[in-house]
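Q: I'd like to learn how to read a few features off a model like this one. Could you walk me through them?

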Amino acid sequence: MKATQVAVVTPTSRERFSAARPGLLLVAFTMIILVAIALFPKAGYNDAPVGIRNKGVDGARALAQVLRDHGVSVREVSVSQAASVDDNTTLVVIFPSRMSNEVATALETRANVVYVGLEEAYGSFAPYMDGLRGTRTWKSSRTTGANCSSQAAQKAHSLTTSDYVVSGTSSQWELCFPIDDSSYAYAERSEPGRFRALIPDSVRLRNRSITDEGNAALAINAIGRTPKVAWYSPTESDKLTDVDQNIAQSPYIAPAFLMMIGAGLLAAAARGRRLGPLTPERLPVEVPASETLIGKARLMRSRRAYDHAARALRSAAASRIATSLGVAHTSDRETLIGAIERQGLPASRSTALLWGPPPTSEAELVRLANDLDSLEKEIRHD
């Protein structure tokens, strides 16, 4: 046989990249999914004390959820947002002693303000307290009634005494839930178009204690009197001139950014260059048909594709038999069986050989091939 020249075709770097592109996209998308899974459980939550995004025992997420269930919108705000809330919003200030005088003065102009947590300011007078002061008491725990006309206090009915209270006398404040002759667990001041409340012990709003006695009722009725609530946790460095950093610090930014990258990669994969239709081309090596046949047979044997091989044998045998009997290849099964039966062969035998169940082993496949060969010889009278 004449030897043919073999041309070695080496793929270019571009072709290699095109071949590897699906795998690279799959790896990139998998990494994005893994990172997103790692970040999403943490998104939207923190461990800030008395924070509405804190699910721990010291957070206030339970209260925020109940307020939302009552149709009240609750959101965290920065110092600049807190200083500009409207009259339909109740501003809740957590640990107000951390505010600078500038911030405290600006917030005092808001229509509805609830100050929570005087733990860090007990023993001192603050401008927003107007004659009252935070005090710490070491009295034994007991239950105390409202003993005042405040609707929020009356709906709470009773509270369990705690460590931090307000003390002093002021004609402008209504003092509720007395601990002793001069100490109270709640203070409220209500005027036309203006409302103030003091909850000196922040533990009443925390997840671990919100269900004790009337804590939940007091918090809901003191804070949820307007359609919206702005939750502000000040820091000593807050200034009214500071640029609002809430958007940049949002916990949703990273997952959203990752999702945008993933969407971009998917769009690139969807809109990328696709392979065109198959076109014939000269092969670098000529492969004889016999080698292709043997290779295909070995492949089916290695995969134990007995049913596929049997289907090919039966189809080829049926075509040859139809040609021998003058039956069109487009005829149905009954026509071919009838032609075979007219040759004096039982229909059951030809039906079982040509359309019977597929073999399940190599021995059954060999037996089927021999039986088909015998059937053809009988029909051709060889």
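**Reading the model, feature by feature**

A: Let's start with exposure. T330 is exposed, with 77% relative accessible area, and the cut-off for that word is over 50%. Keep in mind that this is a predicted model.

Q: Where does T330 sit?

A: T330 is in the loop between α9 and α10 (333-341). For a sense of distance, take S319, eleven residues away from T330 along the chain: the two C-alpha atoms are 9.9 Å apart.

Q: Now salt bridges. How many salt bridges does a search of the whole structure find?

A: The idea is a side-chain nitrogen of Lys or Arg within 4 Å of a carboxyl oxygen of Asp or Glu. Searching the whole structure turns up twelve salt bridges. One of them pairs D58 with R208, with 2.9 Å between the closest N and O atoms. That pair ties together distant parts of the chain, 150 residues apart: D58 is in the loop between α1 (13-39) and α2 (61-69), while R208 is in the loop between β10 (194-199) and α6 (215-223).

Q: Are D58 and R208 buried, exposed or partly exposed?

A: Partly exposed goes from 20% to 50% relative accessible area. D58 is partly exposed because its relative accessibility is 30%. R208 has 45%, so R208 counts as partly exposed too.

Q: Which salt bridge does D373 form, and where do the partners lie?

A: D373 pairs with K377, and their closest N and O atoms are 3.4 Å apart. Both partners lie in helix α12, four residues apart, which is about one turn of the helix. D373 is partly exposed at 35% relative accessibility, and K377 is partly exposed at 40%.

Q: What about R380 and E376: how far apart are they along helix α12?

A: R380 and E376 are four residues apart in helix α12, so about one helical turn separates them. They form a salt bridge, with the closest N and O atoms 3.2 Å apart. Look at the exposure of each partner: R380 is partly exposed at 36%, whereas E376 is buried at 6%. Salt bridges can also share partners, and that is how E108, R189, R194 and R196 are joined into one network.

Q: What if a charged residue is buried and has no salt bridge? Which side chain of opposite charge is nearest to E188?

A: Check the distance against the 4 Å cut-off for a salt bridge. For E188, which is buried, the nearest side chain of opposite charge is R225, 4.1 Å away, and E188 has no salt bridge. E188 is in strand β9 (residues 183-191).

Q: Which side chains does the side chain of E188 make polar contacts with?

A: S150 is one of them, its side chain contacting that of E188 at 2.7 Å. The side chain of Y186 is another, also with a polar contact of 2.7 Å to the E188 side chain.

Q: Last one: how do I read a pocket? Which residues lie nearest the centre of the second largest pocket?

A: Go through volume, lining and chemistry in turn. The second largest pocket holds about 400 Å³ of space. Its lining is made of 16 residues, with A297, M300, A309, L313 and L365 nearest the centre.

Q: Which helix gives the most to that lining, and what classes of residue are there?

A: α8 gives the most, with six residues. At least two lining residues come from each of α8 (289-302), α9 (306-325) and α12 (362-380). As for chemistry, ten of the lining residues are nonpolar, one is polar and five are charged.

Methods
Residues numbered from 1 in each chain as written. Predicted model: local features only at pLDDT ≥ 70, side-chain atom pairs only at ≥ 80, totals over all residues. Heavy atoms only, no water. 1 Å grid on protein atoms, 1.4 Å probe; cavity = no way out; pocket = protein on both sides within 12 Å on 5 of 7 lines; lining within 4 Å. Points joined across faces, edges and corners; volume = space filled by probe spheres on them. Nonpolar A, V, L, I, M, F, W, Y, C, P; charged D, E, K, R; others polar. Buried < 20%, exposed > 50% of the residue type's maximum accessible area, 1.4 Å probe, protein only. Lys, Arg positive; Asp, Glu negative; His and termini not counted. Polar contact = N/O pair within 3.5 Å; in protein donor to acceptor, adjacent residues only side chain to side chain.
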